[in-house]
Amino acid sequence: MPLLDQTLSPRRFTVAPMMEWSDRHCRYFWRLMSKRAFLYTEMVTCGALIHGDRERFLNYNTEEHPLALQVGGSNPQELAACAKMAESWGYDEINLNCGCPSDRVQNGMIGACLMSHPQLVADCIKSMQDATSIPVTVKHRIGIDDMDDYQGLSDFVEPIAATGCLTFIVHARKAWLKGLSPKENREVPPLNYERVHLLKREHPELEIILNGGLSTIDECIEQLNYVDGVMVGREAYHNPWLLTEVDSAIYGEAPRLQDRLTIMANMLRYIEQQLSDGMRLHHITRHLLGLFYGQPGGKQFRRVISEGAHKANAGVELVDLALDQIRSRM
């Protein structure tokens, strides 16, 4: 199999799918800071897409591209139907979640528990590939429970790769399916970057994206010496200004002059449009709280937003009032 030309990969820097965080308002906000970062939706289950409010789960802003839909499921036919939806809605990729450790998704045979069933995952991926022409990718852990060595990781990846799947996003922690909460599973199991590096060395034909614990652009650049791409999650949410470095530092583009108030001016226009469509203010502003992290007036900005955005009559003027806390300290 020929090696991928990683210099052209759009996934050199990706932002993780995060439940209740990476919704379309958040992704629009992120896109104002990076044009090149590859974005992922929150995980959506097959059942929600097939039987639920499809528009609610699939709609997005056109500015969000490149954008992947992450799905959760284990039924090949249902996943094929979801892959068709992703393509018809214009997504650039569909990603299968094999990393979420919560009890709720385990009960539906979704997420990290699928690492115990590599052939089933391979069947799911093949079914999705047959249903769509967009890339089908996998996000998974380095192991689960007592499956905690490189051989277990390799045994999971190889049958999936045999389907022609090229891209594996690897959270460099194993997951404990019993005894740890999803939050603890993001923090307690130790990071093992070397296992992900070894996967890339053993499979140079695959695109390996490393996820877990990355919090600075310098750390990301260091990992790109060993893998094809990186995925950042919580740090991008809590300190979104980090994304302003991505296009130049990761993709080699000319730096763009950016400032936080200009980004907020763009968000104010977006908020006005969304409010006119019936959206509640706090559904959007909750994602903006980290923009002024470490900046004079940042605490006051967050306080004004947090105390007022949930009120029924809250409008764009509240955000402008919060921004006054920043302007007055410039």
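This note covers helix α7, strand β7 and their neighbours in a predicted model.

1. **Length of α7.** Helix α7 takes in residues 150-161, 12 residues in total. At 1.5 Å a residue it should span 16 Å, and its end C-alpha atoms are 16 Å apart, so the expected and modelled spans agree.

2. **Buried side of α7.** An α-helix has 3.6 residues a turn, so residues three or four places apart point the same way. The buried residues of α7 are Tyr150, Gly152, Leu153, Ser154, Phe156, Val157, Ile160 and Ala161.

3. **What covers α7.** The cover over these buried residues includes three strands: β5 (93-98), β6 (136-141) and β7 (167-171). Helices α6 (118-131) and α9 (193-202) also contribute.

4. **The unit around α7.** Together, β6, α7 and β7 form a β-α-β unit. Its hand is right-handed. The two strands, β6 and β7, pair in the parallel sense over 4 bridges. One pairing to check on screen: His140 has Val170 of β7 as its bridge partner.

5. **The other pairing of β7.** Strand β7 also runs parallel to β8 (residues 207-211), joined to β8 by 5 bridges. Here His171 stands opposite Asn211 in β8.

6. **Burial of β7.** How many residues of β7 are buried? The count is 5 of 5. In a regular strand the side chains alternate between the two faces of the sheet. In β7, Thr167, Ile169 and His171 lie on one side, with Phe168 and Val170 on the other. Both faces are covered. Val170, the partner of His140, and His171, which stands opposite Asn211, are thus on opposite sides of β7.

Terms used. Residues are numbered from 1 along each chain as its sequence is written. This is a predicted model: local features need pLDDT of at least 70, side-chain atom pairs count only at pLDDT 80 or more; totals for chains, interfaces and linings use all residues. Side-chain values use heavy atoms; hydrogens and water are left out. The expected span of a helix is 1.5 Å times one less than its number of residues. Buried means under 20% relative accessible area, exposed over 50%, partly exposed in between (1.4 Å probe, protein chains only). Contact means heavy atoms within 4.5 Å. Two strands pair if DSSP finds at least two bridges between them. A crossover is right-handed if, with the strands pointing away from the viewer, the path from the first strand over the helix to the second runs clockwise.
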